[in-house]
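Reader: I'm new to this one and would love a friendly tour. Could you show me what we will be talking about?

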Amino acid sequence: MRIWQELQKALQILKQDGVVGIPTETVYGLAASIKSDAAIRRIFEIKERPFFDPLIVHIGRAKQAEEIALEWSKTEAQLAQIFWPGPLTIVTAKKPDINSVITAGLESVGIRMPSHPFALRLLREFKIPLAAPSANKFGRTSPTTEDHVRSEFPDLDLFVLSGGKTNVGIESTVIQVVESANQILIRILRPGMITKSNLRAALETFGKKKIEFEELPSAASPGHLENHYQPAIPLIISSRSISSESASQIEKKFSLPSRSRFSELVLNSDPLIAARDLYSQMRLLSKSGISWMYVRKSSDRQGELWTSIWNRLDRASSLRLE
Ligand code: TXA
Ligand code: MG
């Protein structure tokens, strides 16, 4: 099917209260009209996602944020101007008419405008914003290709727009802006490839001076749990190459047969490439017949972008070895 036909089909499904798989620049999402209570509930059902975990609302035009947010502040609009379309989600107080199933009963809502051309096109044609979590079973690795989405839900007749491999590879940065008379506090609810330095630089271009950051523990971002992004086989983080001694320790811990096969998940030295390939590598290794895998937390994999990558790996891992 040509992309134009695919878009028409996706629009039709959305109009009929259905759910579609959509590419974004970060990861694939499962999208439903924010006006369709049935479709929103269906997302939670398909994902086996608990109702305490809020969905992000995706928009096709920055102006639409004003229809969703109770008050869209000047600072929020400025950040949107710089980073949208792109991998930044802004959590802000919601208007009362935004379905509280989307926000898991919270008074706040996460909003973002994705930059993938198919997602943007769909959003602009559909006109109504789309609530969309990552298109994976709850707690599992996010999909970065359309095939990942299909293999995540093999028993469903789910329509997925074929947008190719996603470019960013890990989920958007989620922030909240807290303003007082003389300072701006940016709360990082989930780190991502838009970093504190990026946010600071953007705010400085608008003449903002006193900018503080607060990194919140995962509890502040419902759903961003300690054991999230789990691959199908154990992932171990190790500061060194794994010796046979530590391998047997791992086999015992996970009740695996001794001398079971394992592989190293090798991260590219460029964090942009490492992030882009991370989830597909995890999936590939999980399916390669090995019993477990490990990733080396080496000292050269440090810095802001790496912090976001390690945030995902820490949550995906079952064990950490010094
Ligand atoms: O890159 C992304 O953000 C992808 C693509 C599909 O856009 N979406 C994504 O959605 O990662 P999901 O549902 O897997 O993660 C959304 C997370 C929630 O688990 C929660 O941590 C945070 O965003 N979030 C959403 N709304 C929130 C709110 N009102 N308050 C605090 N955190 C919120
Ligand atoms: Mg997710």
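Author: Happy to, and let's start with a convention for charges: Lys and Arg count as positive, Asp and Glu count as negative, and His and the chain ends are left out. Please keep in mind that this is a predicted model.

Reader: With that in hand, how far apart do the centres of the positive and negative side chains lie in the protein?

Author: On that count there are 42 positive side chains and 35 negative ones. Taking the centre of each set, the distance between the two is 2 Å.

Reader: Which radius of gyration does the protein have, and what would a compact globule have?

Author: The chain has 322 residues, and for that number a compact globule would come out near 20 Å. The protein agrees with this, because its own radius of gyration is 20 Å.

Reader: How many helices and strands does the protein have?

Author: The C-alpha trace that carries them spans about 60 × 50 × 35 Å along its principal axes. Within the protein, the tally is 10 helices and 14 strands.

Reader: Now to a single residue: is Arg49 buried or exposed?

Author: Arg49 sits in the loop between α2 (37–47) and β3 (56–58). Beyond its neighbours within four places in sequence, its contacts are Phe44, Pro54, Leu55, Pro133 and Phe138. A residue under 20% relative accessible area is called buried. Arg49 has 10% relative accessibility, so it counts as buried.

Reader: What share of the 322 residues is buried?

Author: The accessible surface of the protein is about 14,700 Å², with 49% of it belonging to carbon and sulfur atoms. As for the residues, the buried share is 56%.

Terms used: Residues are numbered from 1 along each chain as its sequence is written. Chains are lettered from A and ligands numbered from 1 in the order in which they are written. This is a predicted model: local features need pLDDT of at least 70, side-chain atom pairs count only at pLDDT 80 or more; totals for chains, interfaces and linings use all residues. Side-chain values use heavy atoms; hydrogens and water are left out. Helices (H or I, at least four residues) and strands (E, at least two) are DSSP runs, numbered from the N terminus. The radius of gyration is taken over C-alpha atoms; the globule rule is 2.2 Å times the number of residues to the power 0.38. Buried means under 20% relative accessible area, exposed over 50%, partly exposed in between (1.4 Å probe, protein chains only). Accessible areas come from the Shrake-Rupley method with a 1.4 Å probe; for residues, only the protein chains shown count as cover. The place of a charge is taken as NZ of Lys, CZ of Arg, CG of Asp or CD of Glu. Contact means heavy atoms within 4.5 Å.
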